[in-house]
Amino acid sequence: MSNYELMSQYTEDAFAKEDRLCQHPACGANIAKGDPCFYVATIEHGKPGRYVCGPCHERYQKKAATSVRPAVRPTPGSASGGSSGFAGRGPPDPHVIRQSVNAGQRKLSVNPPPVIPLSHGQSEFSAGPDISVPSLWQASSQPTPHSSSGYTPHHAQASSQQALCSSTGYTPHHAHYGSECDRWAKLSYAPPPSQMISLEILAVHEGGSRKKGGRGTPFGSICEGKKDIDAQIDAPGLIKIALDTIYLKIQSFCPAFQWRYEEFVVRDSRWVDLSGHHAREPYFYSQCIQAGRKGLKSPIFKTKQFALMIVVPESQWCEYEEWTERVEEWTERAEEDEATRQAPIATTAISKASIDVFQGEDYLTTEVPLPKVPLKKTHLHTASSLSSTSSSTSPPLKKAASANIFQSPDRNELKEALRSGGIANVDAQSVYDLQNENVQLYWIATRPMSEILENSKYQSFTLHTAESATGQLTVDTSSANLIGRGGFKTAHPGWLTLASHIPTTGLGSILHQKVVVKRPFIKVFPPNGPSAGTYKVGRYAVADELSKQFKEANVLYWANSLLDLTYAFVNHCVAALSNPPPFEIPRLHFIHAGLTLSFLPGQMIIAKPCSVRAAFLLEELIPGGPDAFVKFIHNTDCDPLLDPSEDGYSTALFLAFTQHVQYEKTGGLAYISDYQGSTELLTDLQILTHLSVSEGNDLFGDGNIEDVVSQFEKKHVCNHYCEWSGFELEAYGRQA
């Protein structure tokens, strides 16, 4: 019955081994022993197929819905069908397959025979591997050539892979099935390694006090043991085990600190860095091999315990200690302030009006007379110094060669000191003027103009909680210590202490840092109408105040980018020429600032929407005080406000030059105006844009006077910065 070949026949012959009935519902004919009997699978998954007779099988083959794949692939010049198509093939013997499967399932056999893809010669189409009728497998047998050692020649492997790849859905990786099966069988049935070691893994840091002979200081009592480790393990394997074991321990030791795990180093007890050791080379195995007893020539293996250390670099540990000290100082300060607020002081009650008003002056306070606590620089200590968490009493020092001479205090000086100190009393009003706020700070970043243009999310200042920090702000609300008051906002002294995400530089980098606290205000006049200099200072509603402060922050955000664009242009022009410019280029930048939200007590970031009490604009303090503050260029003018004989005139000329650069490089769309501050730090600026930019929208607040930009080319007067040939700027004003 060689004419009957169906792809479903794999382990069953196409002939009935005994009398049986055709399972086709419309047939039911008797199939005698030795007559054709075929198994036809159903299209439904999980439903058994049917054994049918030869005529029913032919009807199945003629039906359009039947999916049949011929087992014999026609070759050019040969007739399709028939047993002649099997010539030249070498399928395996079914009996051998059954023996191999049974042997492979036994525990004693770890080398099941490899499965080798069969080559079926050249074909015109690719339809997957053939599974032939078992009774025809004995037609010929041409096994793949193997050497006596079991090695398969390279050309045989290549031909097998090429034959396998000719079938749709198969890749050269399927040709490695035999070797993979052999490898996993060895791993599955192989007994566990008898040569084992154990590990003791500790967490240490560099620096600080160390025991004699030690090279690291343990912290957090972090020590874990691991046993049943293969003695043949290499250095990368040991590094992975050590980091996986100690990672969560260090994280739980101080979850709030941002550990940089990529900087950790794994070392052994001899302080050898494992990352420098070769891979695939046992690390501790040689230390476990010992000479055999007398009479034994071969060495023996002895199990040992080895120590590994996860080492935190000294620089990172110093950052952790400084961060811990800042948090402790802030916590102590907060507890002291809380105790001060709760202390019973006999005085008049403080009114809680909806509008904080004062006659003539706004509220703000004097400088808090609290001593600064310097941070401990543990990285400057010597090896003999002990960390602050484990310090002990030092032994008494030896007497100096010359003993100190005791002197009694001067009686008159002591009398004056007692008289002055005895009558001292607390200034209750100065205590009441101190206002403590729980705040969340959003820094105003400086982004290059290219990033702003490439990414739409950078085109304005935004409030991202992930990029903010929490802390405490103390504001001096007394009118006597008011830093300044303009037509729209007041400036008060304050002190900022952050508790999280403390930067290394800029706003919030210093404990109890002096800052300027700015808030917009409204003038509240008496009922009978405004009078000369008589009004009360009122505050906006929270929503309105937040909107105004956000616009101020957004103006500073864009000003940082425009000034950065200016200096990028200047640096490019200077670097392109061999001769430097005939003048010194001033280096200025805007003050570090941030928008700060104040929350009601006990209601920080996760509280209800109404928990925001106020919005402050915090700025770093300009050194020198009011005497160093200068207004260089007015908002409605392009020329310096200063006379040539006044201090800061050269800086004003350079700032006028920056306007020229910004106007030209932005295509006449925008530049910075209202320059003021010191000769190094600038503040309270304004962005001016062209009429074509706004399209009727309110851009950058009320200070954006668009008509000034349209008149820039006529009103700007170029100076020696603008006229230098290295900048190649177009001449404006009378120079044109």
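1. Phe700 in its loop. In this predicted model, Phe700 is a buried residue, with a relative accessible area of 18%, and its place is the loop that runs between helix H13 (691-694) and helix H14 (706-710). Because the cut-off for buried is under 20% relative accessible area, a value of 18% puts Phe700 in that class. The backbone deserves a look as well, since phi of Phe700 is near 60°, a positive value in a residue other than glycine.

2. Val709 in helix H14. Val709 belongs to helix H14, and with a relative accessible area of 0% it is buried. When neighbours within four places in sequence are left aside, the residues in contact with Val709 are Tyr663, Gly668, Leu669, Tyr671, Leu688, Thr689 and His690. For one of these, Leu688, a backbone distance can be given too: the C-alpha atoms of Val709 and Leu688 are 6.7 Å apart in space, while the two residues are 21 residues apart in sequence.

3. Asp684 and its backbone. A positive phi also occurs at Asp684, where the angle is near 50° in a residue other than glycine. Asp684 sits in the loop between strand S24 (681-682) and strand S25 (686-689), and at 22% relative accessibility it counts as partly exposed. The residue also appears in the lining of the largest cavity, together with Leu682, Thr683 and Leu685 among others.

4. The largest cavity. How many cavities of 30 Å³ or more does the model hold? The count comes to four, and the largest of them contains about 90 Å³ of space. Its lining is made up of Lys489, Glu552, Ala553, Val555, Leu556, Ile591, Leu617, Glu619, Leu682, Thr683, Asp684 and Leu685. Sorted by class, these are seven nonpolar residues, one polar residue and four charged residues, so a reader who inspects the site should expect charged side chains in the list as well as nonpolar ones, because Asp, Glu, Lys and Arg are counted as charged. Helix H11 (542-576) and strand S20 (612-620) each supply at least two residues of this lining, and H11 gives the most, with four residues.

5. Two further residues of helix H11. Asn560 is placed in helix H11 and, at 9% relative accessibility, counts as buried. Apart from residues up to four places away in sequence, Asn560 touches Ile444, Ala445, Thr446 and Phe590. Ala576 lies in helix H11 too, but this residue is exposed, with a relative accessible area of 56%. The C-alpha atoms of Ala576 and Gly726 are 8.6 Å apart in space, although the two residues are 150 residues apart in sequence.

6. His205 in strand S5. His205 is found in strand S5 (residues 196-205), and its relative accessible area of 6% makes it a buried residue. Which side chain makes a polar contact with the side chain of His205? The partner is Trp317, at 3.4 Å. With residues up to four places away in sequence not counted, His205 touches Gly216, Thr217, Phe219, Val312 and Trp317, so that Trp317 appears both as the polar partner and in the list of contacts.

7. Cysteines. The number of disulfides in the model comes to zero. Cys22 is in no disulfide, and the nearest cysteine sulfur, that of Cys56, is 3.7 Å away. Why is the pair of Cys22 and Cys56 not counted as a disulfide? The rule asks for two cysteine sulfur atoms within 2.5 Å, and the sulfur atoms of Cys22 and Cys56 are 3.7 Å apart, so the pair does not meet it. As to surroundings, Cys22 is buried, with a relative accessible area of 4%, and Cys254 likewise counts as buried, at 9% relative accessibility.

8. The protein as a whole. The protein has 16 helices and 25 strands, and 36% of its 736 residues count as buried. Among contacts between residues at least 6 apart in sequence, 67% join residues that are at least 24 apart.

Note on methods
Residues numbered from 1 in each chain as written. Predicted model: local features only at pLDDT ≥ 70, side-chain atom pairs only at ≥ 80, totals over all residues. Heavy atoms only, no water. Buried < 20%, exposed > 50% of the residue type's maximum accessible area, 1.4 Å probe, protein only. 1 Å grid on protein atoms, 1.4 Å probe; cavity = no way out; pocket = protein on both sides within 12 Å on 5 of 7 lines; lining within 4 Å. Points joined across faces, edges and corners; volume = space filled by probe spheres on them. Polar contact = N/O pair within 3.5 Å; in protein donor to acceptor, adjacent residues only side chain to side chain. Contact = heavy atoms within 4.5 Å.
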